[in-house]
Amino acid sequence: MTDDQTQALLTARLLATLPYTAAANALLFALSAQAGGLGFALHLPLAAALACCHIRLDFDRRIFADFALGRCTPAAFDQALAQSGLRRKIPPARPMARRSAGALSLWRKYLYLTAAQMLLLAAQAV
């Protein structure tokens, strides 16, 4: 396994924690809905942001797993994004470490939003 494949595998494995966080997000949202009020109104956009992050991160997890297993190369992936219209042009080659750093940065933001969701529910309970 190459260094890039190892980096991609590590990223995919960290992103594989998403189902646990998504379950916690759903539970926190349900508890907030039960409590109602202004706290729930604040939870709605937060839940939407968390759902968007979850979808993107799950896609990233699958792509990094494909990179790790050699089913897709970063260059082929970038080309497919451009051909499908999901990206305007093929970007310059980026090292796997930079790709991984971007995905893990979004993952950390997702975890911070989850923490904010917990704090919002705690404030709602008071």
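The questions below concern a helix pair and the pockets of a predicted model.
Residues are numbered from 1 along each chain as written, and side-chain values use heavy atoms, without hydrogens or water. Local features need pLDDT of at least 70 and side-chain atom pairs pLDDT 80 or more, while totals for chains, interfaces and linings use all residues.

Q: How are helix 2 and helix 3 oriented to each other?
A: Helix 2 covers residues 18-35 and helix 3 residues 37-69 (DSSP runs of H or I, at least four residues, numbered from the N terminus). Their axes, fitted to C-alpha atoms over the stretch in contact, are 9 Å apart at about 165°, on a scale of 0 to 180 degrees between N-to-C directions. Over 145 degrees counts as roughly antiparallel, so helix 2 and helix 3 are roughly antiparallel.

Q: Which class of residue has 11 members in the contact of helix 2 with helix 3?
A: The contact (heavy atoms within 4.5 Å) includes L28 and F29 of helix 2 and L44 and L57 of helix 3. Ala, Val, Leu, Ile, Met, Phe, Trp, Tyr, Cys and Pro count as nonpolar, Asp, Glu, Lys and Arg as charged, the others as polar. The contact has 1 charged, 6 polar and 11 residues that are nonpolar.

Q: Which element gives the largest share of the lining of the largest pocket?
A: R56, D60, F77, R87 and R94 are the closest to the pocket's centre among its 15 lining residues. The lining has 8 nonpolar, 1 polar and 6 charged residues. Helix 3, helix 4 (74-83) and helix 5 (96-125) each give two or more. The largest share, 6 residues, comes from helix 3.

Key
Angles under 35 degrees count as roughly parallel, over 145 as roughly antiparallel, 65 to 115 as roughly perpendicular and the rest as oblique. On a 1 Å grid over the protein atoms alone, a cavity is a set of points where a 1.4 Å probe fits but cannot get out, and a pocket is an open set with protein on both sides within 12 Å along at least five of seven lines; lining residues have an atom within 4 Å of a point.
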